[in-house]
Amino acid sequence: MNDQSQIPNDLDSFWMPFTASRWFKSNPRLIGSADGVHYTTMDGHKLIDGTGGLWCCNAGHNHPRIVAAIQAQAATLDFAHSFNQGHAIAFQAASRLTELAHGFDHVFFTNSGSEAVDTALKIALAYHTANGEGERRLLVGRQKAYHGINFGGLSVGGIGLNKGQFGTLYPSTAHMRHTLLPENAFTRGQPQNGAYLAEDLAGIIETYGGHTIAAVIVEPVAGAGGVFPPPVGYLERLRELCDQHGILMILDEVITGFGRFGTAFASQHYGVTPDLFTVAKGLTNATVPMGGVFASSKVREAFLKGPDAMPDLFHGYTYSGHPLACAAALATLDVYRDEGIFENATAMDPVWEEMLHSVQDAPGVIDVRNAGILGAVQLQSGETVGAAGRAMFEKLWDLGLSVRPIGDSLAMSPPLTLSEGDIAQIGEVLNKGLRG
Ligand SMILES: Cc1ncc(COP(=O)(O)O)c(C=O)c1O
């Protein structure tokens with residue numbers, strides 16, 4: 001359906017991320033503009049952005065207040081670094097953020113979720129070093145986890161396809177089983193069954209010794225592995241085991257942060273407090289790349305024991321606290337507050353759940369999962385895993401809805417500004433695609 005005159009060149013020079021480039025080029029889907037919960041392709045096809053960018057445009061696209069803040073900052077202070085010098089807006093952004101993150105008084109800025117995860121893992125290792133427990137080097141992750149694509153995040157991640165090309169990564173890891181259980185199919189929200197899977201951590205502790213483990217990292221709701229919420233009691237049990245054995249608990253909130261559960265962070269929704277947590281994406285509404293790691297005072301204070309003239313942490317990015325990103329973050333937080341975006345997510349949650357589960361008897365649907373304004377519809381796999389998901393992605397795109405195929409699951413994470421009418425429209429297209 002693409003108008004060939006709209007294609008800018010032979011599409012060969014941009015090496016696209018996580019893309020089957022030959023498949024992409026066979027029918028290039030090129031987005032030209034965005035507004036609110038919609039995208040318009042270069043050839044004029046209008047779509048509901050069912051994935052909120054890539055789980056990140058929580059306040060909808062092209063919000064005028066965020067646009068204006070970035071423009072103004074670019075004309076005032078385009079860039080200054082933060083290595084032993086500073087600029088006001090980074091401190092302002094950090095203070096606004098820590099107000100949202102009850103009990104977390106410190107935030108380290110990065111440029112992406114992947115960098116946030118690697119930073120959090122390094123902080124965990126360095127924390128134990130600072131406390132004289134340098135033998136704690138084991139990092140525990142989980143099957144099907146996605147923690148970005150840098151060395152640390154990939155090491156604790158649990159999606160085999162993402163690791164297979166690269167061989168040995170961080171050498172000291174262990175993985176718990178994932179929590180996607182077939183018997184929980186079609187559960188609305190958190191499944192009742194599955195907390196026992198947290199005992200995998202007890203097993204790892206028994207095998208390696210709790211004193212060798214630096215940190216456990218999980219996503220509160222697994223996202224890029226296929227969207228599945230934690231069984232009731234699961235996160236609580238991980239927390240308990242971490243407390244018993246001096247292990248730091250890291251929650252990766254790169255997808256779940258900034259209102260997707262009606263609270264600022266999913267940890268507040270689930271009532272489980274980590275020692276460190278990572279964010280990105282919705283932090284700036286995805287307008288300027290930015291990530292961050294929140295640290296409790298317990299963690300931060302361990303780094304203040306050395307000489308005054310010594311850096312607290314031998315780690316940082318040229319763009320940590322980039323002024324444009326900080327301006328975008330401050331404006332985004334204003335929008336979230338002033339326009340009741342998190343409150344809208346809470347109000348839409350039951351409507352969203354109802355709509356998603358309306359497809360459960362459609363042909364080929366073997367599971368529907370939802371958590372906050374996140375969801376996935378899982379299709380029966382054919383001979384080639386992923387083929388059904390990709391075919392449905394193409395069909396839904398043509399019908400006017402973008403979803404994210406993950407294997408044969410169709411993941412959705414629309415902007416949190418969505419209305420009941422938008423949800424009804426998503427439901428209409430989804431049903432048409434799946435039943436048509
Ligand atoms: C839970 C989680 N962590 C980390 C990342 C990596 O973020 P980025 O793509 O910004 O590096 C993602 C990306 O989707 C994610 O879902």
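A residue counts as buried when its relative accessible area is under 20%. Thr 212 has a relative accessible area of 18% and is therefore buried. The model in which this residue sits is a predicted one.

Thr 212 belongs to the loop that links helix 8 and strand 7. Its side chain makes polar contacts with backbone oxygens. One is the backbone oxygen of Tyr 208, at 3.1 Å. Another is the backbone oxygen of Gly 209, which lies 2.8 Å from a polar atom of the Thr 212 side chain. Gly 209 itself follows helix 8 and has a positive phi, near 90°. Beyond its neighbours within four places in sequence, Thr 212 touches a run of further residues. These are Glu 135, Arg 136, Arg 137 and Leu 138.

Helix 8 comes before this loop and spans residues 199-208. Its buried residues are Asp 200, Leu 201, Ile 204 and Ile 205. They lie on the same side of helix 8 because they cover an arc of only 145° around the axis. The face turned away from this buried side carries exposed residues, namely Glu 206 and Thr 207. The buried residues pack against several elements. Three of these are strands: strand 5 (138-142), strand 6 (173-176) and strand 7 (213-218). Helix 9 (234-245) is also a packing partner of the buried residues of helix 8.

The ligand site was examined next. Residues around the ligand include Ser 112, Gly 113 and Ser 114. Tyr 146, His 147 and Gly 148 are also among them. The shell further contains Glu 219, Asp 252, Val 254, Ile 255 and Lys 281. By class, three of the shell residues are nonpolar, five are polar and three are charged.

Several side chains make polar contacts with the ligand. A ligand oxygen lies 2.6 Å from an N or O atom in the side chain of Ser 114. A ligand nitrogen is 2.7 Å from an N or O atom in the side chain of Asp 252. For Lys 281, the distance from a side-chain N or O atom to a ligand oxygen is 3.0 Å. Taken alone, the ligand exposes 390 Å², and the protein buries 84% of that area.

How values were computed: Residues are numbered from 1 along each chain as its sequence is written. This is a predicted model: local features need pLDDT of at least 70, side-chain atom pairs count only at pLDDT 80 or more; totals for chains, interfaces and linings use all residues. Side-chain values use heavy atoms; hydrogens and water are left out. Buried means under 20% relative accessible area, exposed over 50%, partly exposed in between (1.4 Å probe, protein chains only). Helices (H or I, at least four residues) and strands (E, at least two) are DSSP runs, numbered from the N terminus. The arc is that of the directions from the helix axis to the C-beta atoms. Contact means heavy atoms within 4.5 Å. A residue is near a molecule or strand if one of its heavy atoms lies within 4 Å of it. A polar contact is a pair of N or O atoms within 3.5 Å; within protein, one must be able to donate a hydrogen and the other to accept it, and residues adjacent in sequence count only if both atoms are side-chain atoms. Accessible areas come from the Shrake-Rupley method with a 1.4 Å probe; for residues, only the protein chains shown count as cover. Ala, Val, Leu, Ile, Met, Phe, Trp, Tyr, Cys and Pro count as nonpolar, Asp, Glu, Lys and Arg as charged, and the others, Gly among them, as polar.
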